[in-house]
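Biologist: I am new to this structure and would be grateful for a close look at one loop residue and its backbone. Please then extend the account to the parts around it in the fold, in a connected manner.

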Amino acid sequence: MVPMSVEEIAKAVDGRLIGDAGSESRATNTVSDSRQAGPGSVFVAIRGERVDGHDFVAKTAGQGATVAIVDHEVKSDGLPQIVVKDTVDALGELARYNIVRRRELDGDFDIIGLTGSVGKTTTKDLLSSLLATVGPTVAPVGSFNNEIGLPLTSLKVNAGTRFLVAEMGANHVGEIANLTSLVPPDIAVVLKVGVAHLGEFGSAERIAQAKSEIIHGLVPGGLSVLNANDEHVAAMSAF
């Protein structure tokens, strides 16, 4: 991530800062897994079905983390905390801010967003391998393509990043729209409208609607790359 002060992070996520990180302290990476926390880390405590990240805030303090983002204050041996209403939302806002910061810096930077019912991860891997021959490229590991995975990937973007490959998945209409609001692509790739998740959407047309949100989320003047062999995807050229 682009180095940020704790105060800057608190403002970006609209949170309340507790504790003093020191005026010279800078965060340089963001994690949601306490095992990955270390010097310079922002630890985002997320409540999961089985594990609550808030239980590990004190552990990250011992590992040298710079600040924790929490939904309530936690005893943490002096680790500064930023209290927010929802830590997943805060993670997204921090990712949004990191992308804005990168765009403000010198040097070309482009985001390639991709979606589709099948082929996302394979296409992501191919794209990132090709783009890496041109310049430093950030891409998700595996299929980090939801409201947690995409922000965490986007927070790996720093001042030297040339490309971000952003895989965007959805189980419901509106999810990709939310992801593009956080990480708006310069180029959007739509691979295929399949029926693997038909039960969750109700119809192929609803799946197409969900996938088309990536086109609507392009930056002004952005480019869309559509699969002309899929009638639902080809129809998105009218947008």
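Modeller: Asp14 is placed in the loop between α1 and β1. The model is a predicted one, and every value below is computed from it. Although Asp14 is not a glycine, its phi is positive, at about 55°. Is Asp14 buried or exposed? With a relative accessibility of 72%, Asp14 counts as exposed, because the cut-off for that class is over 50%. A second residue may be set beside it: Asp77, also not a glycine, has a positive phi near 55°. Asp77 belongs to the loop between β4 and β5 (81-83), and its relative accessible area of 67% makes it exposed.

The two elements that flank the loop of Asp14 can now be followed in turn, beginning with the helix. Helix α1 (residues 6-12) holds Glu8, whose partner Arg101 sits in helix α3 (residues 87-104). The side chains of Glu8 and Arg101 form a salt bridge, with 2.7 Å from N to O. This contact connects distant parts of the chain, the two residues being 93 residues apart. How accessible are the partners? Glu8 is partly exposed, at a relative accessible area of 21%. Arg101 has a relative accessibility of 16% and therefore counts as buried, since the limit for that class is under 20%.

On the other side of the loop comes the strand. Strand β1 (16-18) is one of the two edge strands of a sheet, the other being β2, and each of them pairs on one side only. The sheet is open and contains five strands in the order β1-β5-β4-β3-β2, with mixed pairing. On average, neighbouring strands in this sheet are turned by 25° against each other, direction ignored.

Within that sheet, strand β3 (residues 41-44) and strand β4 (residues 67-70) run parallel and are joined over three bridges. Phe43 faces Ala68 of β4 across the pairing, and Val44 stands opposite Ile69 of β4. In a regular strand, side chains alternate between the two faces of the sheet. What covers the faces of β4? Val67 and Ile69 lie on one side, Ala68 and Val70 on the other, and all of them are buried, which leaves both faces of β4 covered.

The edge strand β2 leads to the largest pocket. This pocket has a volume of about 320 Å³. Its lining comprises 18 residues, and those closest to its centre are Thr30, Gln36, Phe144, Leu152 and Lys156. Strand β2 (29-31) and α5 each contribute at least two lining residues, and β2 gives the most, namely three. By type, the lining divides into ten nonpolar, six polar and two charged residues.

The second largest pocket holds about 200 Å³ of space. Among the residues that line it are Ser32, Asp33, Phe43, Arg47 and Asp52, and Phe43 is the residue that stands opposite Ala68 in β4. This lining divides into four nonpolar, four polar and four charged residues. Two of the charged residues named here, Arg47 and Asp52, are linked with Asp71 in a network of salt bridges. Asp33, also part of this lining, forms a salt bridge with Arg35, where the closest N and O atoms are 2.8 Å apart. Arg35 itself is exposed, with 67% relative accessible area.

In the whole structure, a search finds nine salt bridges. Another of them brings together the side chains of Arg162 and Asp110, at 2.7 Å from N to O. Arg162 lies in the loop between α5 (149-154) and β8 (163-167), whereas Asp110 lies in strand β6 (residues 110-115), so this pair ties together parts 52 residues apart in sequence. Asp110 is partly exposed, with a relative accessible area of 23%.

From β6 the account may end with further strand pairing. β6 and strand β9 (residues 187-190) are parallel and share four bridges; Ile112 has Ile187 of β9 as its bridge partner. β9 in turn runs parallel to strand β10 (residues 223-226), again over four bridges, and Val190 has Leu226 in β10 as its bridge partner.

Terms used: Residues numbered from 1 in each chain as written. Predicted model: local features only at pLDDT ≥ 70, side-chain atom pairs only at ≥ 80, totals over all residues. Heavy atoms only, no water. Salt bridge = Lys/Arg side-chain N within 4 Å of Asp/Glu carboxyl O. Buried < 20%, exposed > 50% of the residue type's maximum accessible area, 1.4 Å probe, protein only. 1 Å grid on protein atoms, 1.4 Å probe; cavity = no way out; pocket = protein on both sides within 12 Å on 5 of 7 lines; lining within 4 Å. Points joined across faces, edges and corners; volume = space filled by probe spheres on them. Nonpolar A, V, L, I, M, F, W, Y, C, P; charged D, E, K, R; others polar. Pairing = 2+ DSSP bridges. Axes fitted to C-alpha atoms, helices over the stretch in contact; angles between N-to-C directions.
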